[in-house]
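Welcome, and please open the structure in your viewer. This tour goes from one selection to the next and says what is there at each stop.

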Amino acid sequence: MDRINKTFVNEFILLGLSGYPKLEIIFFAVILVMYLVILIGNSVLIIAGIFDSRLHTPMYFFLGNLSFLDICYTASSVPSTLVSLISKKRNISFSGCAVQMFLGFAMGSTECLLLGMMAFDRYVAICNPLRYPVIMSRVVCVLMASVSWLSGGINSIVQTSLAMRLPFCGNNIINHFLCEILAVLKLACADISLNIVTLALSNMAFLVLPLLVIFFSYMLILYTILRMNSATGRRKAFSTCSAHLTVVIIFYGTIFFMYAKPKSQDLLGQDNLQAREGLVSMFYGVVTPMLNPIIYSLRNKDVKAAVKYLLNQKSVNQLRPK
């Protein structure tokens, strides 16, 4: 077994959409455009948050973290996907697969926590506005963001270590674009009960608990808004929450579809689901990070004003004589 294991774990083959060559060209063009939008849109949000004093608030601090996370997540997965689509190079080393799995899981876990932190921030801002500067101080925000990143990283180390220690002595073909943990677990020729249990616990901690924070935060926000006498105040409160709520619905709707239920058994042998899983994977991995800056830019006057100001400053600098 040791000899076979050493022979077959040197690399994996990522199928992606190899059975659909016409779709590969379409996917390459679409994903490339989306990736450029992700890099530009999230970079603009980060730069605006740094240089515009109007965005030096807890909400935009967390938004900057979210934008940086989206850039890191897509940078760890999209370039390799584009290469495999255009060059047909589908092999990935064992260590490369482990790194890709770690980064993907870490970014996903961290994003869940950050969305929960952002919901709590909106709750304090609307339900306790007088205490907001004290509760959501700079130190508290940095601490909350640090906990999110650190927890996501630790969770990913645990899940990746447990997955990559398994023996892979049979098929090394991963029916996915990436080294996604559930797709890799299919290939293990050992008992994966421990992996399923830890994944379930991870789902509870990083999916369910932040979602509960989001749910109860918005229930209290809704209760507070409905008690407001001013229609203008209600509209303003709703507008500050609408962008975050839209992102939460898109993110959690997709991630629950992919990870919420254990798939150790019902994934086996279902190659006919390849195209559908590819589409869902692309939606979660590319479309969601692309929509985040678009949603926050369209739904938020402060962000639009900050981006417009930065563009105007750039134009002025270009027109100045050298």
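In which helix is valine 30 found? Select valine 30 and you will land in helix α2, which covers residues 21–51. Keep in mind on this tour that you are looking at a predicted model.

**Stop 1: valine 30 and its distant partner**

Is valine 30 buried or partly exposed? Its relative accessibility is 34%, so valine 30 counts as partly exposed; the buried class needs a value under 20%. Now add valine 286 to the selection and draw a line between the two C-alpha atoms. The line spans 9.9 Å, although valine 30 and valine 286 are 256 residues apart in sequence.

**Stop 2: the whole chain**

Zoom out and colour by secondary structure. The protein has eleven helices and three strands. Starting at the N terminus, you meet the elements in the order α-β-α-α-β-α-α-α-β-α-α-α-α-α. If you colour by accessibility instead, buried residues account for 46% of the 322 residues.

**Stop 3: the three strands**

Select residues 11–14, 91–93 and 173–174 together. Residues 11–14 are strand β1, residues 91–93 are strand β2 and residues 173–174 are strand β3. How are the three strands ordered in the sheet? The order is β2-β1-β3, in an open sheet with mixed pairing. That leaves β2 and β3 as the edge strands, each pairing on one side only.

Strands of a sheet pair through backbone hydrogen bonds, and they can do so in a parallel or an antiparallel way. Both ways can be seen here. On one side, β1 and β2 are antiparallel and share three bridges; look for glutamate 11, whose bridge partner in β2 is serine 93. On the other side, β1 and β3 run parallel and are joined by two bridges. There, leucine 14 stands opposite isoleucine 174 of β3.

Next, show the side chains of β1. In a regular strand, side chains alternate between the two faces of the sheet. Which residues of β1 lie on the covered face? Phe12 and Leu14 do, while Glu11 and Ile13 make up the uncovered face.

**Stop 4: helix α3 beside helix α4**

Two packed helices can be described by the angle between their axes and the distance between those axes. Try this with α3, residues 58–87, and α4, residues 94–127. Their axes come within 10 Å and cross at roughly 160°. Because angles over 145 degrees count as roughly antiparallel, α3 and α4 are therefore roughly antiparallel to each other. Their crossing is left-handed. Sorted by class, the contact of α3 with α4 holds 14 nonpolar, seven polar and four charged residues.

While you are in α4, pick out alanine 106. Its relative accessible area is 4%, so alanine 106 is buried. Add leucine 150 to the selection: the C-alpha atoms of alanine 106 and leucine 150 are 9.0 Å apart, with their positions 44 residues apart along the chain.

**Stop 5: on to helices α6 and α8**

Keep α3 on screen and add α6, residues 138–164. The axes of α3 and α6 come within 10 Å and cross at roughly 25°. The two helices are therefore roughly parallel to each other, and their crossing is right-handed.

Now swap α3 for α8, residues 193–226. The axes of α6 and α8 also come within 10 Å, and here the crossing angle is roughly 165°. This makes α6 and α8 roughly antiparallel to each other, with a left-handed crossing.

**Stop 6: isoleucine 255**

Jump to helix α9, residues 231–259, and find isoleucine 255. Is isoleucine 255 buried or exposed? With 5% relative accessibility, isoleucine 255 counts as buried. Select leucine 207 too: 48 residues separate leucine 207 and isoleucine 255 along the chain, and their C-alpha atoms are 8.7 Å apart.

**Stop 7: spans from the record**

The unreviewed UniProt entry marks several stretches as "transmembrane region", among them residues 63–86 and 173–198. Select residues 63–86: the span is 100% helix and 0% strand, and its end C-alpha atoms lie 33 Å apart. Then select residues 173–198, where the span is 42% helix and 8% strand and the end C-alpha atoms lie 24 Å apart.

Definitions and conventions:
Residues numbered from 1 in each chain as written. Predicted model: local features only at pLDDT ≥ 70, side-chain atom pairs only at ≥ 80, totals over all residues. Heavy atoms only, no water. UniProt positions renumbered as here; feature names shortened; annotations may be inferred. Helix = DSSP H or I, 4+ residues; strand = E, 2+ residues; numbered from the N terminus. Axes fitted to C-alpha atoms, helices over the stretch in contact; angles between N-to-C directions. Parallel < 35°, antiparallel > 145°, perpendicular 65-115°, else oblique. Left-handed = near helix turned anticlockwise from the far one by under 90°. Nonpolar A, V, L, I, M, F, W, Y, C, P; charged D, E, K, R; others polar. Buried < 20%, exposed > 50% of the residue type's maximum accessible area, 1.4 Å probe, protein only. Pairing = 2+ DSSP bridges.
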